[in-house]
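Trainee: I have a structure to look at today, and I would like to go through it with you step by step. Could we bring it up and talk about it?

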Protein chains: 4
Amino acid sequence: MNGHQRVQDDEGSAARLLALSDGVFAIAMTLLALDITLPDGLDPAGFRQALGDVMPNVWAYGLSFVVIAAFWRGHHQIFRYAREVDGTVIRIGLLCLGLIALMPFPTTLLAEYGDLPQSVAVYSGAVAAVGAAQLALTVVMWKRPWLGSTPLPDPVARNDVADLASTVLVFAVAVPLAFVSPTGAKLWWAVLIPVKSMTGRRGKRLRAAAQQLGAQ
Amino acid sequence: MNGHQRVQDDEGSAARLLALSDGVFAIAMTLLALDITLPDGLDPAGFRQALGDVMPNVWAYGLSFVVIAAFWRGHHQIFRYAREVDGTVIRIGLLCLGLIALMPFPTTLLAEYGDLPQSVAVYSGAVAAVGAAQLALTVVMWKRPWLGSTPLPDPVARNDVADLASTVLVFAVAVPLAFVSPTGAKLWWAVLIPVKSMTGRRGKRLRAAAQQLGAQ
Amino acid sequence: MNGHQRVQDDEGSAARLLALSDGVFAIAMTLLALDITLPDGLDPAGFRQALGDVMPNVWAYGLSFVVIAAFWRGHHQIFRYAREVDGTVIRIGLLCLGLIALMPFPTTLLAEYGDLPQSVAVYSGAVAAVGAAQLALTVVMWKRPWLGSTPLPDPVARNDVADLASTVLVFAVAVPLAFVSPTGAKLWWAVLIPVKSMTGRRGKRLRAAAQQLGAQ
Amino acid sequence: MNGHQRVQDDEGSAARLLALSDGVFAIAMTLLALDITLPDGLDPAGFRQALGDVMPNVWAYGLSFVVIAAFWRGHHQIFRYAREVDGTVIRIGLLCLGLIALMPFPTTLLAEYGDLPQSVAVYSGAVAAVGAAQLALTVVMWKRPWLGSTPLPDPVARNDVADLASTVLVFAVAVPLAFVSPTGAKLWWAVLIPVKSMTGRRGKRLRAAAQQLGAQ
């Protein structure tokens with residue numbers, strides 16, 4: 001059964017999809033910072049003022065860098081044992097990249113218009129969309145163990161799914177919440193800090209357990 | 001005969017051409033989104049208006065991302081078994097990249113001036129040109145089996161050629177059509193959806209058959 | 001003990017972190033040059049004037065290129081023998097990249113407002129921050145020899161730490177110094193030229209000695 | 001003697017320098033096209049006018065793409081058999097990249113102010129500088145055969161040196177020539193077309209001969 005599916009839908013090695021992905025992640029990360037800029041030809045007083053005004057852009061950069069870096073780290077885990085990819089993996093992988101490449105826009109919105117509900121809603125929606133695409137990618141890779149050298153252990157995969165599902169849930173709820181209170185929605189994002197810390201520690205423990213089993 | 005040609009025109013391993021290509025594809029994909037931007041310092045009403053005005057840019061981004069991603073997927077297939085490249089492959093491969101790197105410009109035209117015939121004509125011409133370059137690359141790789149570890153099976157290569165030829169044909173016809181009716185030309189593009197779906201399914205079936213033959 | 005830690009915190013191969021890093025370094029290096037630009041539609045006299053005005057941007061580009069290139073070279077050395085990465089290495093590695101991606105902004109400040117104390121302070125602080133992150137990365141990799149194929153010899157690692165610590169120290173001191181005299185702070189940077197030349201030559205000697213030991 | 005030098009100055013594998021280089025080449029190639037842009041909100045007549053005005057940018061993009069692509073192809077040949085790099089190779093390699101990353105600026109000058117002597121002189125000087133750096137890289141790699149798996153055959157290396165020296169010479173002569181006649185200097189560039197065609201064909205013949213010798 002596995003062999004059948006492998007033959008039917010194989011599209012070759014994973015290496016180039018990962019090269020393309022690392023490229024898009026790297027560029028999206030770096031372009032985020034392009035928004036941190038000052039007009040030319042200011043006098044010293046105007047310069048000090050402009051330097052203060054650019055601080056929200058620096059914060060938004062920091063936040064989006066952390067978000068994209070976290071998705072990259074998840075991507076790195078998903079494809080850890082991958083050797084080959086099929087059409088479905090390529091399609092969902094490219095969808096992920098298309099959404100990651102969009103991230104500089106909501107980041108600018110958040111930096112420039114962070115007190116308006118639409119900005120917070122667009123940002124939350126964008127992160128939820130990336131999370132949903134990456135969740136789909138995780139499930140697809142988990143259910144296709146023949147694409148990798150080692151199957152992803154079920155408890156590890158289930159923890160990864162829970163981790164991404166919590167991201168999607170929190171940011172999806174933030175979309176309508178932003179229209180009630182933009183600040184409330186931003187505070188609500190912080191719910192993810194303890195959740196992520198917990199799934200992160202659980203993931204580390206489960207991976208260690210799986211490796212010890214594999215090493216036996 | 002093959003050995004002779006191999007010696008005469010060999011320019012070394014394919015790895016760096018693929019690294020460069022993945023870089024250009026990744027950057028072109030990500031730069032497409034740079035056009036989705038809002039002016040600073042709008043009041044809430046102006047912001048909502050500007051957020052609406054940016055939607056055509058989001059659509060144009062989505063369309064061009066799908067186009068470039070499809071070309072990347074084709075590129076991935078062309079070089080699937082490639083180990084080495086010769087001067088002709090490098091030259092046509094670089095031409096492909098030069099055209100891919102141009103894509104952000106027609107995408108902006110389509111987003112900002114999508115109702116003008118020239119924009120639709122330039123966009124159609126650009127996609128047709130990328131398609132033609134990739135078609136040449138497919139034929140060149142197919143006719144140089146000594147560059148790869150495994151020859152591309154003839155039925156698979158013929159299906160890939162038909163797929164790219166249909167892209168070139170549809171977008172080339174759209175160039176004059178745009179001057180008759182820009183909207184008509186954009187609707188005409190949709191002809192590719194059933195065509196691509198058919199060649200895609202055929203390609204999958206042919207690859208599976210070729211692999212089963214290879215596995216025997 | 002080592003084996004225990006290896007199992008507990010392993011996050012897979014170093015290859016993708018290095019691919020992402022090379023991408024961010026390459027993009028940051030190239031985006032630095034985006035700031036070297038001229039307005040359109042100048043008359044010949046205005047053009048000559050503008051061409052002269054762009055020279056500080058060229059100098060700032062050159063300086064930041066050298067800074068980023070030096071950090072890249074250090075990064076190349078840190079990960080020379082690395083095969084695997086763990087969560088801590090990934091986190092600090094990503095922090096490095098986030099700071100490298102910021103470099104185009106202080107570079108523009110220095111080019112446009114290089115005579116104002118804040119610009120020199122921000123630039124110095126940015127370089128000190130990258131240096132501190134890379135210093136942490138060096139120490140972390142040095143203390144985790146199980147992540148590499150060959151342990152980094154202690155004298156080599158200690159020299160690398162001294163080299164990065166001198167960068168951090170000089171640029172950190174330049175932050176307050178910039179408020180006393182921006183020009184003084186920039187001259188103070190030059191202290192690093194003899195220091196780097198010395199640690200560079202020492203590093204080369206120590207690496208050679210370590211290799212000769214390894215080859216015996 | 002060779003072994004001594006190898007030990008003394010070895011800085012590890014060439015793979016990451018090549019990854020960084022491919023990244024910078026890919027980004028420089030793609031950023032060239034960023035200059036091809038139209039203002040927003042034009043009426044149809046203004047749009048047609050602007051579309052015509054953008055043509056010099058398209059030509060300049062095409063020219064610079066060909067120039068950078070040719071340097072990339074040369075870079076690919078230089079490092080064809082490289083396995084390791086030393087400090088000198090890294091330093092000159094990074095200098096090359098720093099000059100390649102600058103190319104979008106002279107390209108814009110040529111597109112916007114192509115009839116002014118300074119633009120043609122800056123463009124010519126920039127290409128001559130990249131050529132000189134790549135010439136140095138070629139000589140350095142040729143004289144360090146212990147860095148590669150196979151030594152570059154002397155006739156091939158000498159032809160590569162002649163090819164790059166002709167580039168440097170033609171573009172260096174174009175710098176003063178631009179102040180006599182900008183158009184004359186641009187026509188003078190065309191001298192390289194027959195020269196490159198000759199060195200290209202000679203290089204192909206010499207490589208084939210070297211491979212046949214190697215294969216015996």
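Trainee: How much area is buried between chain C and chain A?

Mentor: Good place to start, and keep in mind that this is a predicted model. The size of an interface is often given as the accessible area lost when the parts come together. Carbon and sulfur atoms give 66% of the area buried between chain C and chain A, and the total is about 3,100 Å².

Trainee: Which residues of chain C lose the most area to chain A?

Mentor: The contact takes 37 residues from chain A and 34 residues from chain C. Three residues of chain C together make up 24% of what that side buries. They are C:R16, C:F105 and C:Y113.

Trainee: Which residue of chain A forms a salt bridge with C:R16?

Mentor: You have met C:R16 already, as one of the residues that lose the most area to chain A. The count between the two chains is one salt bridge. In the salt bridge of C:R16, the closest N and O atoms are 2.8 Å apart, and the partner is A:D22.

Trainee: Which element supplies the largest share of the side of chain C that touches chain A?

Mentor: Besides the salt bridge, seven residue pairs are in polar contact between chain C and chain A. Several elements of chain C each supply at least two residues to this side, among them α1 (2–9), β1 (10–13), α5 (87–102) and α7 (117–142). The largest share is nine residues, and the element is α2(C).

Trainee: How many residues on that side of chain C are nonpolar?

Mentor: Let us sort them by kind. Seven residues of the side of chain C that touches chain A are charged and eight are polar. The nonpolar ones number 19.

Trainee: What turn lays chain C on chain A?

Mentor: The superposition has an RMSD of 0.0 Å, with a shift of 0.0 Å along the axis. The relation is that of a four-fold axis. The copies use different surfaces, and 6% of the contact residues of chain C recur in chain A. The turn is 90°.

Trainee: Which residue of chain C comes closest to the rotation axis?

Mentor: Look at the C-alpha atoms here. The distance to the axis is 4.3 Å, and the residue is C:G23.

Trainee: How many helices and strands are there in chain A?

Mentor: Let us read along the sequence. Chain A follows the pattern α-β-α-α-α-β-α-α-α-α-α-α. Its C-alpha atoms fill a box of roughly 70 × 35 × 30 Å along the principal axes. Chain A has 10 helices and two strands.

Trainee: What share of the residues of chain A count as buried?

Mentor: Contacts give a first view of the chain: among those with a separation of 6 or more, 80% join residues 24 or more positions apart. For burial, chain A has 216 residues to consider. The share that count as buried is 55%.

Trainee: Is A:F171 buried or exposed?

Mentor: A:F171 sits in helix α8 (residues 154–180) of chain A. Leaving out residues up to four places away in sequence, A:F171 touches A:S124, A:V127, A:A128, A:W189 and A:L192. Its relative accessible area is 7%, and the cut-off is under 20%, so A:F171 is buried.

Notes: Residues are numbered from 1 along each chain as its sequence is written. Chains are lettered from A and ligands numbered from 1 in the order in which they are written. This is a predicted model: local features need pLDDT of at least 70, side-chain atom pairs count only at pLDDT 80 or more; totals for chains, interfaces and linings use all residues. Side-chain values use heavy atoms; hydrogens and water are left out. Helices (H or I, at least four residues) and strands (E, at least two) are DSSP runs, numbered from the N terminus. Buried means under 20% relative accessible area, exposed over 50%, partly exposed in between (1.4 Å probe, protein chains only). Contact means heavy atoms within 4.5 Å. Buried area is the accessible area (1.4 Å probe) that two parts lose on being put together, summed over both. A salt bridge is a side-chain nitrogen of Lys or Arg within 4 Å of a carboxyl oxygen of Asp or Glu. A polar contact is a pair of N or O atoms within 3.5 Å; within protein, one must be able to donate a hydrogen and the other to accept it, and residues adjacent in sequence count only if both atoms are side-chain atoms. Ala, Val, Leu, Ile, Met, Phe, Trp, Tyr, Cys and Pro count as nonpolar, Asp, Glu, Lys and Arg as charged, and the others, Gly among them, as polar. Copies are superposed by least squares on the C-alpha atoms of residues with pLDDT of at least 70 in both.
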